[in-house]
Structures are given as structure tokens and as C-alpha cells.
Amino acid sequence: MSLQPGREARIDLAAIEHNTRLLRERAGTAHAMAVVKANGYGHGAVESARAALRGGADNLGVVDLVEALELRAAGITAPVLAWIHDPEPDFAEAVAARVELGLGTAGMLEAAAAAGAPSVQLKLDTGLGRNGVPEAEWPALFARAAAIERAGGPRIRGLFSHLAGAGEHEDRAQLAAFERALGLAEEAGLRPELRHLAATAGALFLPEARFDLVRLGIGLYGHSPVEHVSGTELGLRPAMTLSAPVVAVKRVPAGHGVSYGFTHRTERESTLALVPLGYADGVPRQASGRGPVRIGGRTFTVAGRVAMDQTVVDVGDHPVSVGDRAVLFGDPELGEPGARDWAEAAGTIDYEIVTRIGHRVPRRYGGGA
Ligand SMILES: *Cc1c(COP(=O)(O)O)cnc(C)c1O
């Protein structure tokens, strides 16, 4: 019983622990960072972080300081790195909470020094064209960082960058740029102990990019970072199962329209099952008429448009009753649709499917320690 209509994202923390262990062993690096930004890709940041730490991660990564402080407020003491900040940052709270600052501009380094940060990590743009200091500025950045270190300011504990995953040739060009950065940093007198470039894809497929630490995101949650191989094929276990009970069934005649715009009409007399999950809950409207839903041991396709709060499944003559669980995605090994099926139906990637599951869907945890 519940005050909401039974929506649920079940999170298997044992799967996150297993995935962390598997990826860490495969990468073989001295350190592994569990990336738990964006509420742990929708799985819950604190719970995911704890499961990943049990699985052998020894660092945590988030995007901003609010996310970092949430981990600290929950009592998590592992090193936390945050790498995108307000343009006029106030780093005092981060320093007090021992959150390590990832800094993508020379100005941010000055701000971190002014705030008394004991150590920082510099984010370099090796070609992605996103966050990070561009190559032309590396000599000046490293000279300034070394001068700050010598003056007793923040120690440069890490240098890092991020791959575009645009293809092996492009990734290797970024790897070469990262190695140029490491050479320049050394010449300037910096001795970073954490050099890191690889996210899940690099950790799995580009051994030379592993260095001292891999930053594991999507793989922790059981999904593949690349198109050509699935999470299951990599030995990963999907951590999230999205489901809701069927809240109404009705028998309708042939030719009955379904949902906004009547993009679906029943071909014959049929049973419609109503599932209380919609795009407000993260079910992509782009997957209208295409997304898979498993009910009573059979997989159907969403009938008509996904609405804000509800989705209809045309189950034909299949016996479906109110209260039967409708699973949108879970573990393909159990015959359930995968997040990747929804990604393909919506023209997006697994990352977006799991990360956008909304606030109205309670996360229910199992498999914890
Ligand atoms: C999100 C993110 C990651 C994790 O990437 P995955 O592909 O999910 O493993 C790693 N590094 C940075 C800088 C990120 O922003």
C-alpha cells in the first residue's frame, strides 16, 4: 500500500557492488573513482556511493559542490572530487568539508588558493572541447601551479582529462595530448599522484588511458558505455528496475483510439492496461508506440503516446489484471526489457534513460550490506 500509485525504481545495490569490483579488476588501476553525479545516474548518490565503496572504489566523483556536500552530510568520508563550479565560486565550504576541487580554468586555481584548499586537481581539455584548460594555456597554468605549490598553496594532487569516445583514432590523439600535458607538468616541477583520463569506456577498451585511476560511471550501474556491446555481454548487472502496477484494465471494441492524438487504434476487440508512469517520471515521450513493457510474462509495446503521468499498453486477449506489475526495464537476463531497448526506442543512450527517472518514482533499495 502506498500514497502514490505504486511506481517503483528498485535498485539492486549488490549489482552496483558487483559491477564496481568487476570493472576495477578489469582496469587493474591503483585507484578507481565511482562517479555518482546526477543522483548516482538516477540510482541515489549516497546509496550508490556506499555500494561502490564496498565494491572497491576508493574515490568518488561528482559534478558540483552541492552533490559533494550531500555525500559528506550522509557521513561518507572517502575522497570526493567535484569539477564544475559557479563562475564566482565560494570554495570555503568545500575546503571545510574536505571536498577536492577539480579546476578547469586558471582563474579557478587562484580562487582555490585564496580559499586555502590543501590540494586540487587540474582539469585539462585534450580535445573534447568542453570543460578544462586548453593546450595553449598549459605551460602558463603549470608554471603558476608550481609557483603556488612552492609558496605553500594547494598541492596539485591530480591532473585529469576526459575522452570524446569519437573513435579509436580520436581517443588516441587525446591520449597523446594528455601525455604532452604530463610531460609539461613534470618540466614545471609538478608531481601529481593521480593522473586520470579514462571513464568506463576507456577503462574497458583503452588500456593505455588507465594511468593511476579510472572514473567509473555508467558501468557501475550495469550499462555499457558503447553501442557495439551490451552491459550483459560485459558481465555487468543492471542495477535499476523500473515498474508500476497496472492500475486499470478495460475491454474496448475494435478501432478504439488510445491516448493523445489517437496514434494507436485497436485492431480488434482488445484489453487496454493502464500503467501510471509517464514522461514526468522519465519515460521518454519519443518512445511512444515503440517502448517495451513486460506484463504477466509477456513483452508488449507502448500503445500510442506516452503522456505526462500514464502509459497505455494494448495487451490484446492476454489475461492482465489490476495489480499485475508492468516492468518497463530491468534485467534482460530475466527476460525483462533493458534500458538499452528504451534508449533505442527513443533515439538516445542508456545513460539518459536511467538518469532521467523522475522524483515521483521512489527508489527502493535491496542487496545492501
Ligand atoms: C560523467 C563523467 C564520467 C563517467 O563517465 P561514464 O561514461 O559514465 O563512465 C567520468 N569523467 C567525467 C569527467 C565525467 O563527467
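So, a quick definition before anything else: when I say contact, I mean heavy atoms within 4.5 Å. Keep that in mind, and also that what we're looking at is a predicted model.

With that cut-off, take the contacts in the protein chain between residues at least 6 apart in sequence: 65% of them join residues at least 24 apart. As for secondary structure, the chain carries 19 strands along with 11 helices.

Okay, overall dimensions. If you line the protein chain up on its principal axes, the C-alpha atoms fill a box of roughly 80 × 45 × 35 Å. There are 369 residues in the chain, and 53% of those count as buried. On the outside, about 15900 Å² is exposed, with carbon and sulfur atoms supplying 52% of that area.

Now, domains. The assignment splits out domain 1, covering 13-221, and domain 2, covering 240-366. Their centres, taken over C-alpha atoms, are 38 Å apart. Where the two touch, domain 1 puts in 10 residues and domain 2 puts in seven residues.

So how much area is buried between domain 1 and domain 2? About 810 Å², and carbon and sulfur atoms give 61% of it.

Last bit, for anyone here thinking about electrostatics. I've got 44 negative side chains against 38 positive ones in the protein chain. And how far apart do the centres of the two sets lie? The answer is 4 Å.

That's my lot, so let's go back to the structure and talk.

Methods:
Residues are numbered from 1 along each chain as its sequence is written. This is a predicted model: local features need pLDDT of at least 70, side-chain atom pairs count only at pLDDT 80 or more; totals for chains, interfaces and linings use all residues. Side-chain values use heavy atoms; hydrogens and water are left out. Helices (H or I, at least four residues) and strands (E, at least two) are DSSP runs, numbered from the N terminus. Buried means under 20% relative accessible area, exposed over 50%, partly exposed in between (1.4 Å probe, protein chains only). Accessible areas come from the Shrake-Rupley method with a 1.4 Å probe; for residues, only the protein chains shown count as cover. Lys and Arg count as positive and Asp and Glu as negative; His and the chain ends are not counted. The place of a charge is taken as NZ of Lys, CZ of Arg, CG of Asp or CD of Glu. Domain bounds come from an automatic or database domain assignment. Buried area is the accessible area (1.4 Å probe) that two parts lose on being put together, summed over both.
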